[in-house]
Amino acid sequence: MHSLQALYGGTFDPVHYGHLKPVEILANQTGLQRVTIMPNNVPPHRPQPEATAAQRKKMLELAIADKPLFMLDERELRRDSPSYTAQTLQAWRSEQGPEKPLAFIIGQDSLLTFPSWYQYQTILDNSHLIVCRRPGYPLTMKEEQHQLWLERHLTYQPEDLHSLPAGKIYLAETPWFDISATLIRQRLQQGLPCDEMLPAAVLEYIYQQGLYQKSGN
C-alpha cells in the first residue's frame, strides 16, 4: 500500500493560517500523510510578488518548521519560465512512478475556474484533486459539460484517494479562514497587528526584513 502524498501550490506572499490550517484539517479528514508545499515562480510578465523568491521560501520554512506534515519543494522557484500545473504534475508523476497515489490540493474558487487551466484534462490522469470547500457556497460549475466532468470524477470516499493512483475529485469540508495575503499586506502597511493571521516566526521575519511595510507613494 502506497501512502497518499499531496502537492499544494501557491504564491505564499506571505504564507498564513488560511493556507496552513485548512490543509492540516483536510489531511486529518483524508488520512493524508505528507503535503509538499510548492511555492510558484511568478513569470516575469505577471505582477510580481512583493517578497523575493528567497524571502517567500524562508517564510515557508519558518511556517512549517514545527509541522511534520509539510515539506517544501522549491523546483518552481528555480525556473524562469511560467510553470503550468499540468506539466508539474506530469513531472511529479514520472518521478513517483505509476502506482503511487498523488493528489493536488486546490480551493473551491480554483475548482470553479479549473476548466480554463492549461491542459486541465490531463491533470486527473496524473493525480487526484482534493478541494477545500467553502462552507455555505454552492459548488456548481459554470457550464454543464464541466459539471458532468466534475460529477464523473467525484468521490465521497477518502479511501479512493489511497487505493487509486489518480483520477478522483474529493470535496473536503474545511473551515473558512477569512484571511488573505492581500489583507495581511494592507494591514502591515497601515501598521495594524496581524498576530492572529500567521505564525509568529513568519511575522517576526517580515518585521526583521521590513517586508510589505513600505508606504506607497
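**Close-up views of nonpolar cores and ring contacts**

**View A. Surroundings of Ile105.** In this predicted model, Ile105 touches Ala6, Leu7, Tyr8, Val23, Leu26, Leu32, Val35, Ile130 and Cys132, leaving aside residues up to four places away in sequence, where contact means heavy atoms within 4.5 Å. Residues are numbered from 1 along each chain as its sequence is written, and side-chain values use heavy atoms, without hydrogens and water. Because the model is predicted, local features need pLDDT of at least 70 and side-chain atom pairs count only at pLDDT 80 or more, while totals for chains, interfaces and linings use all residues.

**View B. Two nonpolar cores.** The largest nonpolar core (buried Ala, Val, Leu, Ile, Met, Phe, Trp, Tyr and Cys residues joined through side-chain atoms within 4.5 Å; buried is under 20% relative accessible area, exposed over 50%, partly exposed in between, with a 1.4 Å probe and protein chains only) has 39 residues, and Val35, Met59 and Ile105 have the most contacts inside it. A second, separate core of 22 residues includes Trp92, Leu102, Tyr120 and Leu124.

**View C. An aromatic cluster.** Phe104, Phe114, Trp117, Tyr120 and Trp149 form one aromatic cluster, and the structure holds seven aromatic pairs (Phe, Tyr and six-membered Trp rings with centres within 6.5 Å; planes under 30 degrees apart are stacked, over 60 edge-to-face, the rest tilted). The rings of Phe114 and Trp117 are tilted because their planes lie at 50°, with centres 4.7 Å apart. Phe114 is buried at 0% relative accessible area, whereas Trp117 is partly exposed at 22%.
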